[in-house]
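Dear colleague,

Please find the structure below, followed by a short account of a helix contact and a pocket.

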Amino acid sequence: MELRAIDKSNYRDCMLLCVDKSQEHFVADNKQSLVEAAFEEGLYTLGIYEGEAMVGFLLYDYDDDFPGWSLSRFMIGAQYQNKGYGKKGVLLFLEYFFKKHGADKIYISVSVDNAAARKMYSDIGFKDIKEVEYSFNGMHFREMQMVLDINSYFHTFHTHACPSV
(Lines give C-alpha, C1' and ligand atoms only; values in the text may rest on other atoms or scores of the structure.)
Protein backbone atom coordinates (compact mmCIF):
# COMPACT_ATOMS: atom_id res chain seq x y z
CA MET A 1 0.00 0.00 0.00
CA GLU A 2 1.25 3.50 -0.80
CA LEU A 3 0.22 7.15 -0.96
CA ARG A 4 0.42 9.15 -4.17
CA ALA A 5 -0.22 12.83 -4.76
CA ILE A 6 -3.41 13.59 -6.69
CA ASP A 7 -2.36 15.14 -9.98
CA LYS A 8 -3.19 15.23 -13.68
CA SER A 9 -2.47 11.50 -14.04
CA ASN A 10 -4.95 10.23 -11.44
CA TYR A 11 -7.56 12.86 -10.58
CA ARG A 12 -10.19 11.12 -12.71
CA ASP A 13 -9.72 7.87 -10.79
CA CYS A 14 -10.21 9.89 -7.62
CA MET A 15 -13.44 11.47 -8.92
CA LEU A 16 -14.86 8.02 -9.69
CA LEU A 17 -14.10 6.65 -6.22
CA CYS A 18 -17.25 6.75 -4.05
CA VAL A 19 -18.29 5.55 -0.62
CA ASP A 20 -21.31 3.32 -0.09
CA LYS A 21 -24.66 5.15 -0.41
CA SER A 22 -25.24 4.70 3.34
CA GLN A 23 -22.03 6.64 4.04
CA GLU A 24 -22.51 9.62 1.71
CA HIS A 25 -23.53 11.96 4.55
CA PHE A 26 -20.30 11.16 6.46
CA VAL A 27 -17.77 12.62 3.98
CA ALA A 28 -17.78 15.14 1.15
CA ASP A 29 -17.73 13.82 -2.40
CA ASN A 30 -14.20 13.57 -3.82
CA LYS A 31 -15.11 15.94 -6.66
CA GLN A 32 -15.94 18.64 -4.11
CA SER A 33 -12.70 17.98 -2.24
CA LEU A 34 -10.63 18.25 -5.44
CA VAL A 35 -12.28 21.53 -6.43
CA GLU A 36 -11.71 22.97 -2.94
CA ALA A 37 -8.06 21.85 -3.04
CA ALA A 38 -7.60 23.50 -6.45
CA PHE A 39 -8.95 26.87 -5.33
CA GLU A 40 -8.19 27.10 -1.60
CA GLU A 41 -4.68 27.48 -0.22
CA GLY A 42 -3.15 24.82 1.98
CA LEU A 43 -5.31 21.80 1.17
CA TYR A 44 -3.31 18.66 0.38
CA THR A 45 -4.74 15.62 -1.41
CA LEU A 46 -3.42 12.07 -1.58
CA GLY A 47 -4.63 8.85 -3.16
CA ILE A 48 -4.36 5.60 -1.24
CA TYR A 49 -3.17 2.82 -3.53
CA GLU A 50 -3.06 -0.95 -3.35
CA GLY A 51 -0.88 -1.88 -6.29
CA GLU A 52 -2.10 0.23 -9.21
CA ALA A 53 -5.65 0.60 -7.87
CA MET A 54 -6.66 3.77 -6.05
CA VAL A 55 -8.65 2.37 -3.12
CA GLY A 56 -9.05 5.57 -1.11
CA PHE A 57 -8.58 9.31 -0.90
CA LEU A 58 -7.68 11.82 1.78
CA LEU A 59 -7.39 15.56 2.19
CA TYR A 60 -5.50 17.24 5.00
CA ASP A 61 -4.82 20.84 5.92
CA TYR A 62 -3.82 23.24 8.66
CA ASP A 63 -7.08 24.17 10.38
CA ASP A 64 -7.11 27.51 12.22
CA ASP A 65 -10.22 26.42 14.14
CA PHE A 66 -8.25 23.87 16.19
CA PRO A 67 -5.53 25.36 15.57
CA GLY A 68 -3.47 22.58 14.08
CA TRP A 69 -3.19 20.05 11.29
CA SER A 70 -6.36 18.17 10.43
CA LEU A 71 -7.17 15.03 8.47
CA SER A 72 -10.26 16.68 7.00
CA ARG A 73 -11.39 14.02 4.53
CA PHE A 74 -10.73 10.30 4.47
CA MET A 75 -12.57 7.69 2.46
CA ILE A 76 -12.19 4.17 1.11
CA GLY A 77 -14.12 3.30 -2.05
CA ALA A 78 -17.21 1.14 -1.50
CA GLN A 79 -15.77 -1.75 -3.54
CA TYR A 80 -12.61 -1.79 -1.36
CA GLN A 81 -14.22 -1.60 2.08
CA ASN A 82 -14.07 -4.36 4.72
CA LYS A 83 -10.59 -5.42 3.55
CA GLY A 84 -8.53 -3.54 6.14
CA TYR A 85 -7.64 -0.67 3.80
CA GLY A 86 -9.15 1.99 6.07
CA LYS A 87 -6.94 1.37 9.08
CA LYS A 88 -3.89 0.58 6.93
CA GLY A 89 -4.47 3.79 4.96
CA VAL A 90 -4.74 5.95 8.09
CA LEU A 91 -1.59 4.40 9.58
CA LEU A 92 0.29 4.92 6.31
CA PHE A 93 -0.84 8.54 6.21
CA LEU A 94 0.21 9.15 9.84
CA GLU A 95 3.73 7.84 9.15
CA TYR A 96 3.95 10.13 6.11
CA PHE A 97 2.39 13.11 7.87
CA PHE A 98 4.48 13.11 11.05
CA LYS A 99 7.71 12.71 9.06
CA LYS A 100 6.84 15.39 6.48
CA HIS A 101 5.42 18.07 8.77
CA GLY A 102 7.12 17.47 12.12
CA ALA A 103 3.86 18.23 13.92
CA ASP A 104 3.21 16.90 17.40
CA LYS A 105 -0.50 16.16 16.85
CA ILE A 106 -3.22 15.87 14.25
CA TYR A 107 -6.97 16.43 14.55
CA ILE A 108 -10.01 14.87 12.91
CA SER A 109 -13.76 15.42 13.07
CA VAL A 110 -15.95 12.34 12.72
CA SER A 111 -19.73 12.16 12.47
CA VAL A 112 -21.12 11.05 15.83
CA ASP A 113 -23.28 8.59 13.86
CA ASN A 114 -20.27 6.95 12.16
CA ALA A 115 -19.58 4.29 14.80
CA ALA A 116 -17.19 2.27 12.60
CA ALA A 117 -14.94 5.25 11.87
CA ARG A 118 -14.98 6.46 15.48
CA LYS A 119 -13.94 3.00 16.66
CA MET A 120 -11.15 2.77 14.08
CA TYR A 121 -9.74 6.18 15.02
CA SER A 122 -10.00 5.35 18.75
CA ASP A 123 -8.19 2.05 18.17
CA ILE A 124 -5.39 3.97 16.45
CA GLY A 125 -5.09 6.29 19.45
CA PHE A 126 -7.22 9.33 18.65
CA LYS A 127 -8.88 10.78 21.77
CA ASP A 128 -12.25 12.54 21.92
CA ILE A 129 -12.06 16.30 22.52
CA LYS A 130 -15.63 17.54 22.19
CA GLU A 131 -18.82 17.20 20.20
CA VAL A 132 -19.66 20.06 17.82
CA GLU A 133 -22.76 20.89 15.79
CA TYR A 134 -22.96 23.17 12.78
CA SER A 135 -24.85 23.77 9.55
CA PHE A 136 -23.30 24.09 6.11
CA ASN A 137 -25.05 24.37 2.74
CA GLY A 138 -28.40 23.71 4.38
CA MET A 139 -27.26 20.50 6.06
CA HIS A 140 -26.84 19.94 9.80
CA PHE A 141 -23.78 18.09 11.15
CA ARG A 142 -22.91 16.60 14.54
CA GLU A 143 -19.26 15.62 14.82
CA MET A 144 -16.81 14.45 17.45
CA GLN A 145 -13.53 16.32 17.31
CA MET A 146 -10.63 14.00 18.07
CA VAL A 147 -6.86 14.40 18.41
CA LEU A 148 -3.85 12.10 18.09
CA ASP A 149 -0.61 12.98 19.86
CA ILE A 150 2.55 11.86 18.06
CA ASN A 151 3.97 10.29 21.22
CA SER A 152 0.99 8.00 21.80
CA TYR A 153 0.92 7.12 18.10
CA PHE A 154 4.59 6.18 17.85
CA HIS A 155 4.41 4.29 21.12
CA THR A 156 1.60 2.11 19.73
CA PHE A 157 2.08 1.92 15.95
CA HIS A 158 5.54 3.08 14.94
CA THR A 159 7.06 1.19 12.05
CA HIS A 160 10.55 1.83 10.78
CA ALA A 161 9.66 2.33 7.14
CA CYS A 162 8.23 5.70 6.18
CA PRO A 163 6.36 6.06 2.88
CA SER A 164 7.31 8.65 0.34
CA VAL A 165 5.04 10.63 -1.93
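Helices (H or I, at least four residues) and strands (E, at least two) are DSSP runs, numbered from the N terminus. This is a predicted model, in which local features need pLDDT of at least 70 and side-chain atom pairs count only at pLDDT 80 or more, while totals for chains, interfaces and linings use all residues. Residues are numbered from 1 along each chain as its sequence is written, and side-chain values use heavy atoms, without hydrogens and water.

The second largest pocket (an open set of points on a 1 Å grid over the protein atoms alone where a 1.4 Å probe fits, with protein on both sides within 12 Å along at least five of seven lines) holds about 150 Å³ of space. Twelve residues line this pocket (an atom within 4 Å of a point), and A5, L43, Y44, T45 and L46 lie nearest its centre. Two or more lining residues come from each of α2 (30-39), β2 (43-50) and α3; β2 gives the most, with four. The lining comprises ten nonpolar residues, one polar and one charged.

Helix α3 (residues 85-101) also meets helix α4 (residues 115-124): their axes (lines fitted to C-alpha atoms over the stretch in contact) come within 11 Å and cross at roughly 45 degrees. The two helices are therefore oblique to each other (outside under 35, over 145 and 65 to 115 degrees). Their crossing is right-handed. In contact (heavy atoms within 4.5 Å) are G86, K87, V90, L91 and L94 of α3 with M120, Y121, D123 and I124 of α4.

Yours sincerely

Technical notes. Axes are lines fitted to C-alpha atoms, for helices over the stretch in contact, and angles run from 0 to 180 degrees between N-to-C directions. A crossing is left-handed if the near helix is turned anticlockwise from the far one by less than a right angle, and right-handed if clockwise. Grid points are joined across faces, edges and corners, and a volume is the space filled by probe spheres set on the points. Ala, Val, Leu, Ile, Met, Phe, Trp, Tyr, Cys and Pro count as nonpolar, Asp, Glu, Lys and Arg as charged, and the others, Gly among them, as polar.
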